[in-house]
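Visitor: Could you take me through one part of this model up close? I'd like a single connected story rather than a list.

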Amino acid sequence: MAPSSKADKKGAADAGAWMFNVVTSVGIIIVNKALMATYGFSYATTLTGMHFATTTLMTGVLRWLGYIQASHLPFPELLKFVVFANFSIVGMNVSLMWNSVGFYQIAKLSIIPVSCLLEVLFDKIRYSRDTKLSIGVVLLGVGVCTVTDVSVNAKGFIAAFIAVWSTALQQYYVHYLQRKYSLSSFNLLGHTAPSQAATLLLLGPFLDFWLTNKRIDTYDYNTVSVIFIVLSCIIAVGTNLSQFICIGRFTAVSFQVLGHMKTVLVLIMGFFFFGKDGLNLHVVLGMTIAVAGMIWYSNASSKPGGKERRSLSLPTSRQQKQSNLPESDEHDGKV
């Protein structure tokens with residue numbers, strides 16, 4: 001009875017974490033789309049810096065109130081994470097500017113196989129045949145939904161290559177650091193958000209000027225645009241936190257595969273909110289394939305003997321004391 005109850009609680013917590021991530025991620029995409037398309041605030045890198053500044057403020061308040069426990073993250077580890085994370089953000093922005101939308105989407109899809117490779121190399125994870133096939137179905141479905149024109153050039157390919165590998169490394173590192181140093185999602189955010197906020201707010205205006213030829217100090221701020229900026233920053237706190245919770249509880253690969261549900265929802269929401277006529281039979285077919293692949297992946301990866309299996313466990317700083325507990329389940333339970 002007790003094991004079943006524990007499994008049920010974990011299942012509910014897992015579902016809650018996914019729902020939290022999906023809602024905040026879709027919400028911030030819709031808000032940012034309105035902010036950039038309707039109100040012309042095209043300073044994506046600087047806006048991301050604002051997001052992390054707001055997240056830093058939130059973690060600081062929670063630490064001051066005693067809700068976040070003291071923890072340690074060595075500076076070299078922090079530096080590597082910030083480099084990966086910032087290259088991911090900048091790389092994706094530059095890739096979108098230099099590539100066609102179709103190739104940009106293909107690059108985003110390739111994060112999944114790169115993440116798989118990292119887990120195979122560093123965590124010694126093995127994927128069952130069904131798990132591999134289900135990942136392929138998800139990639140096919142999302143590709144059918146999103147990939148249209150595909151053209152590529154040398155500098156665009158380099159930008160996409162950097163973006164894909166830095167994103168995969170950053171997401172792998174979230175899981176790695178939480179396990180190795182026994183950090184909760186709040187703890188890890190508390191360590192990383194200030195550095196990301198500082199670097200992105202410092203470099204963001206210059207990068208945005210290079211990408212858009214517009215200076216952020218010349219933007220015509222008004223009440224509505226400021227409200228949207230504030231709303232974007234508030235939602236971003238939840239997006240950042242939910243990403244760390246989900247990757248900590250699962251893996252970067254699972255986060256990417258099931259995370260494409262957000263792509264499907266964004267397409268649907270875009271149709272309703274922005275009046276796009278892109279929700280045609282072709283796109284609906286892609287959505288159906290993608291969702292079927294996600295369901296198959298969830299089933300295949302959770303089967304005993306058929307799921308992702310770890311042949312070697314990663315040493316942690318609190319060695320194997322909690323080896324019988326689900327990863328990050330306890331840490332996320334107490335912030």
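Guide: Here is a walk along one helix, with a stop at a histidine and a look at the cysteines. Keep in mind that this is a predicted model, where local features need pLDDT of at least 70, side-chain atom pairs count only at pLDDT 80 or more, and totals for chains, interfaces and linings use all residues. Numbering starts from 1 along each chain as its sequence is written, and side-chain values use heavy atoms, with hydrogens and water left out.

Let's start with helix 5, which covers residues 111-122; helices here are DSSP runs of H or I, at least four residues, numbered from the N terminus. Its 12 residues reach 16 Å from first C-alpha to last, close to the expected 16 Å, where the expected span is 1.5 Å times one less than the number of residues. I111, I112, V114, S115, C116, L118 and E119 are buried in this helix, meaning under 20% relative accessible area with a 1.4 Å probe, protein chains only. Just past the helix, K124 takes a positive phi of about 60 degrees.

C116 counts as buried because its relative accessibility is 12%, and C246 does so at 0%. As for disulfides (cysteine sulfur pairs within 2.5 Å), a search of the whole structure finds zero.

Now over to H51, in helix 2 (residues 44-64). H51 is buried because its relative accessibility is 7%. Leaving out residues up to four places away in sequence, H51 touches I28, N32, S232, C233, A236 and N240, with contact meaning heavy atoms within 4.5 Å. With S232, H51 also makes a side-chain polar contact of 2.7 Å; that term covers N or O pairs within 3.5 Å, one able to donate a hydrogen and the other to accept it within protein, and residues adjacent in sequence count only if both atoms are side-chain atoms.

Key
Helices (H or I, at least four residues) and strands (E, at least two) are DSSP runs, numbered from the N terminus. Buried means under 20% relative accessible area, exposed over 50%, partly exposed in between (1.4 Å probe, protein chains only).
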